[in-house]
Amino acid sequence: MDKRIIVALDFNSAEQALKLLDKLDPSLCRVKIGKELFTACGPQLVKKVAAHGFEVFLDLKFHDIPNTVSKAVKVAGDLGVWMLNVHASGGLPMMEQARAALGEFGKERPRLIAVTVLTSLAEDDLRQIGIESSPEEQVSKLAFLAREAGLDGVVCSAAETRLLRAQLPDDFCLVTPGIRRAEDATGDQKRILGPAEAVRCGSNYLVVGRPITQAESPNEVLEEFNLAIAGVS
Ligand code: C5P
């Protein structure tokens, strides 16, 4: 089956992450390792998670000079990750070199996606850092730049998915966090989408954290998410 749910392993210890993985079926999901878990446990844990049969989205959002980012991307590729990301605001040359660094991995290379505008930034915050465009315009501008650099897609919020899908080609993948079923607590997420709704809006992969990681039976909830999007396109 096409594994469209990416479970966010938002933990600060390997023990917690591996405990959850023991409860999840790797044929039903992929997993995301972000800055907290990676900073706590490092590349050894990425390898361990992969050894458990899970495909890993390494969510480290690289943003630096092109030389540094491309080398970091290559090292992440050596770890065997399935997907990784960079900040599109690092610029076209940075993204192009990051993409080029994955060339040697051939057809099975990790997918490389971009973060456009952090969803924590509103119009005023952008103005403070010298960006006069609205968040929507900036998201769209950076998504097109990522496409131009040969990247495979972008992370986008629930609110941006429909617009980006309308603007960008079908093979440009959209990865969307902020996914909740009606019965889930929203937590700190402000704009949320239901799983089927997100897929209908054009999202290819759904990042789901707490509704699954904090559940009493995580694999059952994962199966419910998969059921909710089965046959939806
Ligand atoms: O627990 P929850 O489902 O809210 O987790 C969502 C995951 O997606 C977290 O790892 C969070 O950092 C990430 N994310 C997000 N919103 C963004 C980008 C990433 O929630 N705009």
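Biologist: In this predicted model, which residues is L24 in contact with, leaving aside its neighbours within four places in sequence?

Modeller: L24 touches V7, C29, F54, I212, P218, N219 and L222 once those neighbours are set aside.

Biologist: How should such contacts be read, and which residues have the most contacts inside the largest nonpolar core?

Modeller: In soluble globular proteins, nonpolar side chains tend to be buried together. Here the largest nonpolar core has 67 residues, and those with the most contacts inside it are I5, L24, V73, L84, V86, M95 and I212. A second, separate core of ten residues includes A8, F57, I113 and C173.

Biologist: I113 lies in that second core. What is its bridge partner in β6?

Modeller: Strands of a sheet pair through backbone hydrogen bonds, either parallel or antiparallel. The partner of I113 in β6 is G153. Strands β5 (residues 111–115) and β6 (residues 153–155) run parallel and are joined by three bridges.

Biologist: Where do these two strands belong in the wider sheet?

Modeller: They are part of a closed barrel of eight strands, β1-β2-β3-β4-β5-β6-β7-β8, with parallel pairing. On average, neighbouring strands of this sheet are turned by 25° against each other, direction ignored.

Biologist: Turning to a helix, which residues of α1 are buried?

Modeller: In α1 (residues 14–21), the buried residues are A17, L18, L20 and L21. Seen down the axis of α1, they fall within an arc of 155°, so they line one face of the helix. On the other side, E15 and K19 are exposed.

Biologist: What covers the buried residues of α1?

Modeller: The covering elements include β1 (5–8), β2 (30–34), α2 (35–51), α9 (210–213) and α10 (218–229).

Key:
Residues are numbered from 1 along each chain as its sequence is written. This is a predicted model: local features need pLDDT of at least 70, side-chain atom pairs count only at pLDDT 80 or more; totals for chains, interfaces and linings use all residues. Side-chain values use heavy atoms; hydrogens and water are left out. Buried means under 20% relative accessible area, exposed over 50%, partly exposed in between (1.4 Å probe, protein chains only). Helices (H or I, at least four residues) and strands (E, at least two) are DSSP runs, numbered from the N terminus. The arc is that of the directions from the helix axis to the C-beta atoms. Contact means heavy atoms within 4.5 Å. A nonpolar core is a set of buried Ala, Val, Leu, Ile, Met, Phe, Trp, Tyr and Cys residues joined through side-chain atoms within 4.5 Å. Two strands pair if DSSP finds at least two bridges between them. Axes are lines fitted to C-alpha atoms, for helices over the stretch in contact, and angles run from 0 to 180 degrees between N-to-C directions.
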